[in-house]
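Reader: I am new to this structure and would be grateful for a close look at a single part of it. Please describe the enclosed empty space in the model, and then what surrounds it.

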Amino acid sequence: MADQDFRRIRALWPDHLGLARGKVLLPGAAATGHCLATFALGFDREMDAYPGSGLLEGLPDMRAVFDPAAIREGWHPGVGVVVADLEAGGKPLERSARHILKRAIAAHEADGRRPVVGIELEAFLLTPDGEGGFSPVATPGSHVYGSGPLMDPTGVMDAVLDIADRAGIVLESFHSEYDDGQFELTLGKKDALAAADEAFLFKLLAREVAAERGHHLTFIGKPFSDRGGSGLHVNLSLEEGGKNVFGDPDGEGGLSRLAWSAVAGLLHHHRGLAGAVAPTVNSYRRLRPGQMSGYWANWGHDHRGCAVRIPLERGEGSRVEHRLADGACGPHLGVAATLLAARLGIERELEPPPEETGDCLEGSDTEVTVAEDLGRALDDLEADQDLAAAFGEEFVRMHVTVKRREWERFRAHTTDWEKREYIPYL
């Protein structure tokens, strides 16, 4: 740390709402206290009491701990950043997404396999609308698969790429998406924990760079009803002895039975997974037919309408792309969920359903879809006993409690649409 000469250190950890929390520390600290009841908070800053929340037990501390050797250069001069683990009572905090991911990785490693992950993010760049809200940046010359000033006339996204590069977060690719002001940002593949940490830090970096330039970058699933959605796609492969064991030139479609069982696990637990990785009311605006999202429990070779897409690469490039989550899901939870469901499929040697033959614009070969809303998706998560057990009782209890109140707050809210639709006539 002395050699790196950091003035300050941001010790950050992923919470249950997809937010980056933590403290700014002076060099020398390797642990710091935070209130355990932070994991009882909703977006409205109200707290929910559930067993173990700490809310009714005096709001005790948990500790954020990290290895000083893991501190890295941040995106502000002289300020290092590190992704911390959380402990309570001297033990890992079971409801922490980063801990759940570590457990999922350890389970695969116990089978002799190392998970490798690449993450794709989509986001809209917004500008203040003068009325306390935001609207997409004006990009009249933009088009999908574009780059340069016509796609990014404010230069905000270019600054994001430059500053990420200086912070050692190197993207594999960047381009404008289908809709004005929307972009896709792809990070290179890494070990699963490193990939999640990198995506977690990148999301915060990108939002802060945009904010410093008077803009807002949002990763939520469907910020505008008249535009497309934004996903968090997790590309997964497994390595054994340094070799990608998802590829098999003699296997069906050039993939191994192991890969097909992983696909089957993701689809078998499709509805339960949605309750975890599509974690907001807004997520179910994106999870609709024709949205190129994970609405149906289906798979296809190079088919973007499927929940599980099998990209064209084979051999060492073999992987499965899970397209269910959106950016409201923290990367650690999104990767953990993918690893857990894939391993459940591998453990049980599940077989996937037949390949999707439909266009997925209006229909699919399968009738199995995610729930229509967050409330019913939470029911599905609780009902999926194997998946819930893999996540852990402590996580499911916290997640369902906090998210059910979020759903009930929405159900009690009169929307602008209702006001426009009915008040003039009724």
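Author: The lining of the second largest cavity consists of six nonpolar and three polar residues, with no charged ones. This is a predicted model, and the volume of this cavity comes to about 40 Å³. Its walls are formed by Leu232, Val234, Val277, His322, Leu324, Ala325, Gly334, Ala337 and Thr338. Two elements, strand E15 (232–240) and helix H7, each supply two or more of these residues. H7 is the largest contributor to the lining, with three residues.

Helix H7 also leads to a neighbouring topic, its packing against another helix. Two packed helices are described by the angle between their axes and the distance between the axes. For helix H4 (residues 257–268) and helix H7 (residues 331–347), the axes come within 6 Å and cross at roughly 115°. The crossing of H4 and H7 is right-handed. On the side of H4, the residues that take part are Leu258, Ser261, Ala262, Gly265 and Leu266, and they meet Thr338, Ala341, Ala342, Gly345 and Ile346 of H7. By class, this contact comprises six nonpolar and four polar residues, and no charged residue. Thr338 is thus one of the H7 residues that meet H4, and Thr338 is also among the residues that line the second largest cavity.

The other enclosed space may now be considered. Rolling a probe the size of a water molecule over the atoms shows where empty space is left. The model has two cavities of 30 Å³ or more, and the largest holds about 110 Å³ of space. A total of 18 residues line the largest cavity, and those nearest its centre are Asp15, His16, Leu17, Gly18 and Leu333. Helix H10 (residues 393–411) provides the largest share of this lining, namely three residues. Eleven of the lining residues are nonpolar, four are polar and three are charged.

His16, one of the residues nearest the centre of the largest cavity, is also touched by threonine 38. Threonine 38 lies in the loop between strand E3 (31–35) and strand E4 (61–65). Beyond residues up to four places away in sequence, the contacts of threonine 38 are Trp13, His16, Arg21 and Met62. Threonine 38 counts as buried because its relative accessibility is 12%, and the term buried applies under 20%.

Note on methods. Residues numbered from 1 in each chain as written. Predicted model: local features only at pLDDT ≥ 70, side-chain atom pairs only at ≥ 80, totals over all residues. Heavy atoms only, no water. Helix = DSSP H or I, 4+ residues; strand = E, 2+ residues; numbered from the N terminus. Buried < 20%, exposed > 50% of the residue type's maximum accessible area, 1.4 Å probe, protein only. Contact = heavy atoms within 4.5 Å. Axes fitted to C-alpha atoms, helices over the stretch in contact; angles between N-to-C directions. Left-handed = near helix turned anticlockwise from the far one by under 90°. Nonpolar A, V, L, I, M, F, W, Y, C, P; charged D, E, K, R; others polar. 1 Å grid on protein atoms, 1.4 Å probe; cavity = no way out; pocket = protein on both sides within 12 Å on 5 of 7 lines; lining within 4 Å. Points joined across faces, edges and corners; volume = space filled by probe spheres on them.
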